[in-house]
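Colleague: Could you walk me through how this chain packs together? I have the picture open and would like to go step by step.

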Amino acid sequence: DMLNRSVPFYKEMQRLSINFAGNFLEENDKVYDLGCSTASMLIELSKHCKNNLKLIGIDNSSAMLDNAAKKASAFGVDIELINADLHDVAYDNAKLILSNYTLQFIRPLQREKLVKKIYDSLQNNGIFIFSEKVISSNSTLNKQSIDEYYEFKKTQGYSEFEISQKREALENVLIPYTEEENKKMILDAGFTHCETIFKWVNFATFIAIKK
């Protein structure tokens, strides 16, 4: 509920990510979700993919993973859940790695190291699909994007006080890149292609391909 109220078109982003991923996945491919939260993305992927997949969710919140385990059991989806820091896990022989609004909370130097690790962990023709909050390099447009987003949150029932509290809580914790900076980081890690497949004002979903 929080994601749907806080992230514009969250379900559409999820649907597009799953549809694009499905074109690359084959039987018994290994899929990782970094910062999997309650495993919603992996469960939806399992429901809509025609192939059997090895699903692994990683998160550093035991409470989130407890909910993920219950949800996966309720849907009859087999997911390996790992409680760990993303930097401490080996993503062996992955075909698909997912990351939804997770990289933006990692400090820039560590973020670039993690993206390189993701690249090195993927099979040839593997893909990395990630969603991030983005900023504009134009200060006027950036302010308008933020204002537009706050208007969206108001339509979802958030008060001015709640919006202000959230903004203060995330200051210096969430460090977004521009769309161009995200793509440069991906290409610098070795990926041959990175494309935006969805964007709403200051929220974007990207797909990167390793060849």
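Modeller: Happy to. Contact here means heavy atoms within 4.5 Å. Please keep in mind that this is a predicted model.

Colleague: Then let's begin with a helix pair: which residues of H7 do Tyr150, Lys153 and Lys154 in H6 meet?

Modeller: H6 and helix H7 (residues 160-170) have axes that come within 10 Å. With that cut-off for contact, the three H6 residues Tyr150, Lys153 and Lys154 find their partners in H7. Those partners are Glu160, Ile163, Lys166 and Arg167.

Colleague: How many residues of that contact of H6 with H7 are charged?

Modeller: Sorting the residues of this contact by type gives two nonpolar and no polar. The charged ones number five.

Colleague: And are H6 and H7 roughly parallel or oblique to each other?

Modeller: Their axes cross at roughly 130°, and the crossing is right-handed. Angles over 145 degrees count as roughly antiparallel and 65 to 115 as roughly perpendicular, with those under 35 called roughly parallel. The angle of H6 and H7 fits none of these ranges, so the pair is oblique.

Colleague: What about H3 and H4: are they roughly parallel or oblique?

Modeller: The axes of H3 and H4 come within 10 Å and cross at roughly 15°. The crossing is right-handed. Since angles under 35 degrees count as roughly parallel, that is therefore what H3 and H4 are: roughly parallel.

Colleague: Which residues of H4 make that contact with H3?

Modeller: From H3 come Ser40, Ile43 and Lys47. Across both helices, the contact residues divide into three nonpolar, one polar and two charged. On the H4 side they are Lys71, Ala72 and Phe75.

Colleague: Staying with H3, which of its residues are buried?

Modeller: Helix H3 spans residues 40-48. The cover over its buried residues includes helices H2 and H4 along with strands E1, E2, E3 and E4. The buried residues themselves are Met41, Leu42, Ile43, Glu44 and Leu45.

Colleague: Gln14 caught my eye too: is it buried or exposed?

Modeller: Gln14 sits in helix H2. Leaving out residues up to four places away in sequence, Gln14 touches Ser40, Met41 and Glu44. Its relative accessibility is 3%, and because under 20% is the cut-off, Gln14 counts as buried.

Colleague: Which element gives the most to the largest nonpolar core?

Modeller: In soluble globular proteins, nonpolar side chains tend to be buried together. Here the largest nonpolar core has 37 residues, and Leu25, Val31, Leu45, Leu55, Ile79, Leu96 and Ile127 have the most contacts inside it. At least two residues each come from H2, H3, H4, E4, E5, H6, E7 and E8. With five residues, the element that gives the most is H2.

Colleague: How many residues are in the other core?

Modeller: That core lies apart from the largest one. Its members include Ile97, Leu122, Phe130 and Tyr177. The count is 29 residues.

Colleague: Last one: Asn93 and Val201 both have phi near 50°, so where do they sit, and is Asn93 buried or exposed?

Modeller: For each of them this is a positive value in a residue other than glycine. Asn93 lies in the loop between E3 and E4, while Val201 is in the loop between strands E7 and E8. Val201 is partly exposed, at a relative accessible area of 29%. Asn93 has 51% relative accessibility, and because the cut-off is over 50%, Asn93 counts as exposed.

Technical notes
Residues numbered from 1 in each chain as written. Predicted model: local features only at pLDDT ≥ 70, side-chain atom pairs only at ≥ 80, totals over all residues. Heavy atoms only, no water. Buried < 20%, exposed > 50% of the residue type's maximum accessible area, 1.4 Å probe, protein only. Helix = DSSP H or I, 4+ residues; strand = E, 2+ residues; numbered from the N terminus. Core = buried A, V, L, I, M, F, W, Y, C linked by side-chain atoms within 4.5 Å. Axes fitted to C-alpha atoms, helices over the stretch in contact; angles between N-to-C directions. Left-handed = near helix turned anticlockwise from the far one by under 90°. Nonpolar A, V, L, I, M, F, W, Y, C, P; charged D, E, K, R; others polar.
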